[in-house]
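User: Please take me through this structure by explaining how each descriptive term is justified. I should like to see a value set against its criterion each time.

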Amino acid sequence: MIEVKTSTLSDGELNRGVFARRDIAKGTLFHEAPVIPFPNEQYEHIEKTLIADYVFAYGENHTAILLGYGLLFNHSYTPNAYYDLNFDNHTVDFFAYTDISAGEEILINYNGEVENDDPLWFNEDKEKE
């Protein structure tokens, strides 16, 4: 249903994104990314690495590394997908927020809520300049 391809939206070294391989209807659960949670106190070790930009808040006391395609979705303030934390299954579940066409890049709002337009942590320094 989804695949990883080169993205024109990413300016990182790898320039990857997640794309729909077929049409995905609004509301469809299209990916369940397993998580590896760790206590927030251990984040100080992660923040010294590139992985720090890829972890998700996972409840009040934990942070999580996502497996599967979970870390490869790019950001948009007008996303076509959203995610929910599924503590029972230890996954982050990705759903279509709008109808997504085959070949379209699947985008989420990194702030966790579709309509949240707060500045992103990795742009804060740029926005202050």
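Aromatic rings, strands and buried residues

Analyst: Phe 30, Phe 56, Phe 73, Tyr 83 and Phe 94 are joined into a cluster by ring pairs. The model is a predicted one, and it holds seven aromatic pairs in total.

User: What makes Tyr 58 and Phe 87 an aromatic pair, and why is the pair called tilted?

Analyst: Their ring centres are 4.7 Å apart, and the limit for a pair is 6.5 Å. The planes meet at 50°; an angle under 30 degrees would count as stacked and one over 60 as edge-to-face, so the pair is classed as tilted.

User: How do you know that this pair links distant parts of the chain?

Analyst: Tyr 58 lies in the loop between β4 (56-57) and β5 (62-66), while Phe 87 lies in the loop between β7 (81-86) and β8 (91-96). The two residues are 29 residues apart.

User: Are Tyr 58 and Phe 87 buried, partly exposed or exposed?

Analyst: Tyr 58 has a relative accessible area of 5%. The cut-off for buried is under 20%, so Tyr 58 is buried. Phe 87 has a value of 42%; exposed requires over 50%, so Phe 87 is partly exposed.

User: How do you know that the charge of Lys 5 sits over the ring of Phe 19?

Analyst: The charged end of Lys 5 is 5.0 Å from the centre of that ring, and the distance limit is 6 Å. The description also demands a position within 35 degrees of the ring normal. Lys 5 is listed as sitting over the ring of Phe 19.

User: What makes β3 and β5 paired strands?

Analyst: Pairing needs at least two bridges, and five bridges join β3 (residues 29-39) to β5, with the strands running antiparallel. Within this pairing, Ile 36 stands opposite Ile 65, and Val 35 has Leu 66 as its bridge partner.

User: How do you know that β4 and β5 are paired, and what lies between them?

Analyst: Two bridges join β4 and β5 in the antiparallel sense, and at least two are required, so the criterion is met. Phe 56 and Ala 64 are bridge partners. The two strands form a hairpin with four residues between them, and Gly 59 in the turn has a positive phi of about 80°.

User: Why are β4 and β7 called edge strands?

Analyst: The open sheet has five strands in the order β4-β5-β3-β8-β7, with antiparallel pairing. β4 and β7 each pair on one side only.

User: Why is Ser 7 called buried, and which side chain makes a polar contact with it?

Analyst: Ser 7 is in the loop between β1 (2-6) and β2 (16-20). Its relative accessible area is 3%, under the 20% cut-off, so Ser 7 counts as buried. The side chains of Ser 7 and Asn 74 are 3.3 Å apart at their polar contact, and the limit is 3.5 Å. Further residues touched by Ser 7 include Arg 16, Phe 19 and Glu 105.

User: What makes Asn 86 buried, and which polar groups does its side chain meet?

Analyst: Asn 86 lies in strand β7. With 18% relative accessible area against a cut-off of 20%, Asn 86 is therefore buried. Its side chain makes a polar contact of 2.9 Å with the side chain of Asp 93, and one of its polar atoms lies 3.0 Å from the backbone nitrogen of Asn 89. Asn 86 also touches Tyr 58 and Thr 91.

User: On what grounds does His 31 count as buried, and which backbone atom does its side chain reach?

Analyst: His 31, in strand β3, has 14% relative accessibility; the cut-off is 20%, so His 31 counts as buried. Its side chain reaches the backbone nitrogen of Tyr 69 at 3.0 Å. Among the residues in contact with His 31 are Ile 2, Leu 67 and Phe 94.

User: Which residues have the most contacts inside the largest nonpolar core, and which strands supply it?

Analyst: That core has 21 residues, and those with the most contacts inside it are Ile 24, Phe 30, Leu 66, Phe 73, Phe 94 and Ile 106. At least two residues come from each of β2, β3, β5, β7, β8 and β9 (105-108). Ile 106 is in contact with Ile 24, Phe 30 and Phe 73, among others.

Methods: Residues numbered from 1 in each chain as written. Predicted model: local features only at pLDDT ≥ 70, side-chain atom pairs only at ≥ 80, totals over all residues. Heavy atoms only, no water. Phe/Tyr/Trp six-rings, centres within 6.5 Å; stacked < 30°, edge-to-face > 60°. Buried < 20%, exposed > 50% of the residue type's maximum accessible area, 1.4 Å probe, protein only. Polar contact = N/O pair within 3.5 Å; in protein donor to acceptor, adjacent residues only side chain to side chain. Contact = heavy atoms within 4.5 Å. Core = buried A, V, L, I, M, F, W, Y, C linked by side-chain atoms within 4.5 Å. Lists of a residue's contacts leave out its neighbours within four places in sequence.
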